[in-house]
Amino acid sequence: MMTVNENSNVFWKAYQACVEGHKVDPEHARFYVRWAQLFSDNLPDKPLQNRSREDIESFLKDLAGRSSIQDWQVSQARYALRLLYEQFLPNFKPDTSANADSEPASPEPNESFRDKVVPGEVERRHSAILQSVATNIRARHYSYRTEQTYLDWVRRFIAFHAYHDPRKLKVTSAVKEYLDYLAIEREVSASTQNQALNALVFLYREALQQPFGELDEIVRAKRPQRMPVVLTRDEVNAVLARMEGIYGLMAGLLYGSGLRLMECVRLRVKDLDFAQRQIMVRDGKGQKDRVTMLAERYLQPLQEHLAQVKILHEQDLAQGNGAVYIWPGLERKYPNASRDWRWQYVFPAKSLSVDPRSGKVRRHHINEQLLHRAVKQAVEQAGITKLVSCHTFRHSFATHLLQGGSDIRTVQELLGHADVATTMIYTHVLNRPGLAVKSPADG
């Protein structure tokens, strides 16, 4: 097997391009290259491709033992080596020509990436395609989360096909080959496979303006029909009793109003109507608005919480900040709206942050992962063995409403389901077919 010319400038330039292609800031990518180079220099007589997991762990252990190296640097080095071995080396072979350290000419379309790597050309193509995808996503007002997810799938697709220009690939066969790889070798779930397909359909049809062909030629993974996990009222109260402060309030809204997780963290002050006891959910799933109930139980806690948030907002204003994200068109029309109290997040983050799209300093909403962890901890403390997530509160909200005699159409509207068939799954939980029959073991 041909060894990698790891002393080549081409090699390290290509590796840095790979790192940046995995959403690492270009300013930080050079540190990833440095960790990989240190690992390469650690065993100079042993090529990178011939090293074992034990070599990697020994190197990381040595780093961790140095007083000048912090834990986060060890983690960064570990990720750098993971990218090196899982993403970069499988797709790299050196140029064996005499000018290996200079940037070679662009390969012919039928020339394999494994035979010749062109870092400058690869990065240029890569950036142009990603920018086209991002532009088309923003033109359709998709969320930033969707943008990052689609871009990540496009990056992986390009890397899988050895960084060839996706416009020159046979679209249907290229996509099918990648999806087969995800299903067979990576063993991803059906929802993950379908998400990748959606991103690639968007890449070709919207960003590259190329015919994708008939989707019927590509088999979508069949998603399993799973019953939702539902907590009893006693179990819900047991979990909520072990959650305090802002996380207890957020979990209470998930259950008491049937909110999705991101609908809860994105709530604005103007969306709460205490007089009518209702919450206006803006830009929910499918960019749809809806109205849901605000439980009496959380009226006073919410008002007390908002009083504290307002103090924080006034402090931000006094320091020249106090802005939140609003639609750019609305911000142009009403320049002061982003600092208006009514537009502030109900559950703001503890610190200011830089908007990844505009670069402006703002106070974003709270990180949803913090609520995930708080719920997980409360479930463990309550001794509940069901697989509970934040979304379980929404399932429980719907089920308990139906148990209380609420009309299914009403529940559909409160949940924001486009089709009543989606809401009907909760009737299956209620019916419990076959469970009324006595087991023969109880003779």
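The legends below describe close-up views of a predicted model.

**View 1. Three strands form an open, antiparallel sheet.**
The strands of this sheet lie in the order E1-E2-E3. Strand E1 (272-273) and strand E3 (290-293) are at the edges, and each has a single partner strand, so one side of each is left without a neighbour in the sheet. Strand E2 (residues 278-281) is joined to E3 by four bridges, and the two strands run antiparallel. Within this pairing, Gln278 stands opposite Met293 of E3.

**View 2. E1 and E2 form a hairpin.**
E1 and E2 are joined by two bridges and run antiparallel. Asp273 has Gln278 in E2 as its bridge partner. How many residues lie between the two strands of the hairpin? There are four residues between E1 and E2. Arg277, in the turn, has a positive phi of about 55°.

**View 3. Strand E2 has a covered face and an uncovered face.**
In a regular strand the side chains alternate between the two faces of the sheet. In E2, the covered face holds Ile279 and Val281. Gln278 and Met280 belong to the uncovered face. Gln278 also appears in the two views above, as the bridge partner of Asp273 and as the residue opposite Met293 in E3.

**View 4. Tyr32 and Tyr79 form an edge-to-face pair.**
The whole structure contains 13 aromatic pairs. In the pair shown here, the ring centres of Tyr32 and Tyr79 are 6.1 Å apart and the planes are at 80°; because angles over 60 degrees count as edge-to-face, the pair is given that name. The two residues come from distant parts of the chain, 47 residues apart: Tyr32 is in helix H2 (residues 26-42) and Tyr79 is in helix H4 (residues 71-88). Tyr32 has 11% relative accessibility and counts as buried. Tyr79, at 30% relative accessibility, counts as partly exposed.

**View 5. Phe39 and Phe59 form an edge-to-face aromatic pair.**
The rings of Phe39 and Phe59 are 5.3 Å apart from centre to centre, with 65° between the planes. This pair also links distant parts of the chain, with Phe39 in helix H2 and Phe59 in helix H3 (residues 53-64), 20 residues apart. Are these two residues buried or exposed? Phe39 has 0% relative accessibility and therefore counts as buried. Phe59 is at 4% relative accessibility, so Phe59 counts as buried too.

**View 6. Five aromatic residues are linked into a cluster.**
The members of the cluster are Phe157, Phe160, Tyr178, Tyr181 and Tyr204. They are linked through ring pairs.

**View 7. Arg156 and Lys270 each lie over the face of a tryptophan ring.**
Arg156 lies over the face of Trp153, and its distance from the ring centre is 4.8 Å. Lys270 lies over the face of Trp343, at 4.6 Å from the ring centre.

**View 8. Helices H10 and H12 pack obliquely.**
Two packed helices are described by the angle between their axes and the distance between the axes. For helix H10 (residues 245-257) and helix H12 (residues 299-318), the angle is about 135° and the axes are 11 Å apart. H10 and H12 are therefore oblique to each other. The crossing in which H10 passes H12 is left-handed.

**View 9. Helices H3 and H4 are roughly antiparallel.**
The axes of H3 and H4 cross at roughly 160° and come within 10 Å. Angles over 145 degrees count as roughly antiparallel, which makes H3 roughly antiparallel to H4. H3 passes H4 in a right-handed crossing. Phe59 of the fifth view lies in H3, and Tyr79 of the fourth view lies in H4.

**View 10. His141 and Gln209 have positive phi values.**
His141 is a residue other than glycine, and its phi is near 60°. It is located in the loop between helix H5 (119-139) and helix H6 (144-160). His141 has a relative accessible area of 44% and is partly exposed. Gln209 is not a glycine either, and has a positive phi of about 55°. Where is Gln209 found? Gln209 lies in the loop between helix H8 (190-207) and helix H9 (233-241). Gln209 is at 59% relative accessibility and counts as exposed.

Key. Residues numbered from 1 in each chain as written. Predicted model: local features only at pLDDT ≥ 70, side-chain atom pairs only at ≥ 80, totals over all residues. Heavy atoms only, no water. Pairing = 2+ DSSP bridges. Phe/Tyr/Trp six-rings, centres within 6.5 Å; stacked < 30°, edge-to-face > 60°. Buried < 20%, exposed > 50% of the residue type's maximum accessible area, 1.4 Å probe, protein only. Lys NZ or Arg CZ within 6 Å of the ring centre and 35° of its normal. Axes fitted to C-alpha atoms, helices over the stretch in contact; angles between N-to-C directions. Parallel < 35°, antiparallel > 145°, perpendicular 65-115°, else oblique. Left-handed = near helix turned anticlockwise from the far one by under 90°.
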